[in-house]
Amino acid sequence: DKKIDVGEDSVILVSHHDVFGEAYYAIDAYKFDKEMVFTAPKNLMSGSPDPDIEDFTKFVQTVRYRPEYEIPRDPGICLVNGFIANDENMKVTEHASLQFKLKDNPDIAIRIASSANIRIRGLQPFLLERVLGQKTIQRIKGFRTVNSGKLSVNDIPGEEWLVQGLSDDKTGHTGAVRGDGGGG
């Protein structure tokens, strides 16, 4: 429905859809840099697309090509052959995970996941206030808190929360560690 050119190398496409009589939109942003294409989609959201168009405009203005071994000096997020420059006021969500099994213990799977919301300072409470305020894990039978509290890693202040409980199939235990840091 709408094409927004952002400089010579970037474009934002906005489309409109009627779903069961309600208006929804989708946004796709594209940045072309040194034979790389960086994309960011957002699908089927109701309301006005204008705030998201502003965020996607910032994305295409700040993402750039990054050679494999370049370590940027500016704050931001590294991608495969890319870099998104940002300051502490930019809204960013970062997700990463990996899972592996131990060679000598193939029945044990270890999964490490990070879902870091780099937040505008002061607007989101820290981990323990969020989690313990909800008392979510305390309502799940068989789970217990193993450890929680303040934790600093390499002089970066943060918090951790470790829980343990029975696995879904009742054959062993499962646990989760959540951490939050960065002084927001």
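Trainee: How many salt bridges does the structure hold?

Mentor: This is a predicted model, in which local features need pLDDT of at least 70, side-chain atom pairs count only at pLDDT 80 or more, and totals for chains, interfaces and linings use all residues. Residues are numbered from 1 along each chain as its sequence is written, and side-chain values use heavy atoms, with hydrogens and water left out. A salt bridge is a side-chain nitrogen of Lys or Arg within 4 Å of a carboxyl oxygen of Asp or Glu. On that criterion, the number of salt bridges in the structure is 5.

Trainee: What is the mean pLDDT of the protein chain, and where is confidence lowest?

Mentor: The pLDDT is the predictor's confidence in each residue, from 0 to 100. Its mean over the protein chain is 77, and 73% of the residues reach 70 or more. Strands (E, at least two residues) and helices (H or I, at least four) are DSSP runs, numbered from the N terminus. Confidence is highest in strand E5 (residues 63-65), at 93, and lowest, at a mean of 63, in strand E12 (residues 173-181).

Trainee: How many helices and strands make up the secondary structure of the protein chain?

Mentor: From the N terminus on, the order of elements is β-β-β-β-α-β-β-β-β-β-α-β-β-β. The secondary structure thus described comes to 2 helices and 12 strands.

Trainee: In which sense do strands E1 and E2 pair, and which residue of their hairpin takes a positive phi?

Mentor: Two strands pair if DSSP finds at least two bridges between them. E1 (residues 2-5) and E2 (residues 10-19) have 4 bridges, in the antiparallel sense, and Lys2 stands opposite Val14 in E2. The hairpin has 4 residues between the strands, and the positive phi, near 75 degrees, belongs to Gly7.

Trainee: Why do the buried residues of H1 line one face of the helix?

Mentor: Buried means under 20% relative accessible area, exposed over 50%, and partly exposed in between (1.4 Å probe, protein chains only). In H1, the residues Asp52, Ile53, Phe56, Thr57, Phe59 and Val60 are buried. They line one face because, seen down the axis of H1, the buried residues fall within an arc (that of the directions from the helix axis to the C-beta atoms) of 160 degrees.

Trainee: Which residue of H1 meets Glu54 in a salt bridge?

Mentor: An α-helix has 3.6 residues a turn, so residues three or four places apart point the same way. The partner of Glu54 lies in helix H1 (residues 50-62), 4 residues away, about one turn of the helix. The side chains meet at 4.0 Å, N to O, and the partner is Lys58.

Trainee: Is Glu159, which forms a salt bridge with Lys150, buried or exposed?

Mentor: The closest N and O atoms of Glu159 and Lys150 are 3.1 Å apart. Lys150 is exposed, with a relative accessible area of 68%. Glu159, at 9% relative accessibility, counts as buried.

Trainee: With which residues is Tyr65 in contact, leaving aside its neighbours within four places in sequence?

Mentor: Tyr65 has its place in strand E5 and counts as partly exposed at 22% relative accessibility. Contact means heavy atoms within 4.5 Å. With those neighbours left aside, the contacts of Tyr65 are Asp33, Lys34, Met36, Phe38, Asn81 and Gly82.
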